[in-house]
Amino acid sequence: MAHDALSAMLETFFAERQARAEELGPAYAALWRRMAEAVRGGKRLRPRLVLTAHAELGGIDEAAAHTAAAAFELLHTALLFHDDLLDGDLVRRGRPNLAGTFTAEAMDAGTSADAATAWGQASGLLAGDLLLSAVHALVARIESPARVAVHEIIDDCLFLTSAGEHADIGFAHDTMPAEAADIVRMMEQKTASYSFAAPLRAGAALAGAGPLVDASLQRIGTQMGFLYQLRDDVLGVFGVESRTGKTALGDLREGKRTLLIAFAEDQAAWREVRHLFGRRSLEEEGAALLRNALVASGAAAEIERVIAEQCAITRAEIADAPLPDGLREELDALTVRCAERDA
């Protein structure tokens, strides 16, 4: 029922925006239509965390919780639009993303490749901007004293996420130092805050939970997000596209600096193929050599050890947290899924 209510709220939101966009021209209406399509499907992880925290902590304002949950789904989609632009990706979840769709349609209509690419990139950028604005517009509808706290939680997580994204790009282009500690900090900022800690804290705030619970969920959410990103980085290199929805070449072509790569860098097996890492023209044959080197260097085994260790640390934190049993059980089960997922 909660999932249906959330979907209905999102559909209503986009229907309202698309109706307004129709008055401004077919291209703008198409932009909103594609934005709505991008929000459909997916894991809905962040909305579930909002709703679970709210319900398990005794919250009774379901309308406020669903509005906040919808806002976090818009936030996630906005950041995906921007992330795809920063990474130069045209595919998401196994099909062309918003920028890729606009690019392909323009080229099919006879537009030059450069102009079509610029059109697609502009569409993706504006779509992300519009949804970031919509996040706060939705939260403003919440009729609860906790509305201000939710605004502040979202503002804080965006501040941290942008710091992490900026560092991630800097690492990939060798404009910033990327020691293991720097990479860990980037992961905690880029993913952990907005994907786990912030939605949990927002649900708790709407339920009237106090600062002790808020601090606990901040710690747990950060640890869960770090674990999630560890597995994500492994899937970005070794994942199966039919399961993950994205190519396993992207991170290698980008030269993405992760703990997996950091563990391999000083090893002879990696040094032999290091020249292939970050090559935009990298094809599957070269990628296979890089993957083999990650295994031969021991980096793949080491990252699995870190994942198992982080899973145990997070579960111990959850077990000792001042939270209701139901919420602890939900978070514990999700932690295990974060560690073991293949998509």
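**Lining of a pocket and a cavity**

By class, the lining of the second largest pocket comprises five nonpolar, three polar and six charged residues. The structure considered here is a predicted model, and the values given for this pocket were computed from its atoms. The second largest pocket holds about 230 Å³ of space, and its lining is made up of 14 residues, among which Ala38, Arg95, Pro96, Asn97 and Leu98 lie nearest the centre of the pocket. Two or more residues of this lining are given by each of the elements α2 (26–39), α4 (62–87), β2 (95–96) and α5 (98–108). Of the elements that contribute to the second largest pocket, α4 gives the most, with four residues.

Enclosed space was examined as well. Rolling a probe the size of a water molecule over the atoms shows where empty space is left. For cavities of 30 Å³ or more, the count comes to one, and the largest cavity has a volume of about 40 Å³. The elements that supply two or more residues to the lining of the largest cavity are α9 (211–238) and α11 (250–254). The residues that line this cavity are Asp233, Val237, Asp251, Leu252, Lys256, Thr258, Ile261 and Phe277. Sorted by class, the lining of the largest cavity has four nonpolar residues, one polar residue and three charged residues, with Thr258 as the polar member and Asp233, Asp251 and Lys256 as the charged ones.

How values were computed: Residues numbered from 1 in each chain as written. Predicted model: local features only at pLDDT ≥ 70, side-chain atom pairs only at ≥ 80, totals over all residues. Heavy atoms only, no water. 1 Å grid on protein atoms, 1.4 Å probe; cavity = no way out; pocket = protein on both sides within 12 Å on 5 of 7 lines; lining within 4 Å. Points joined across faces, edges and corners; volume = space filled by probe spheres on them.
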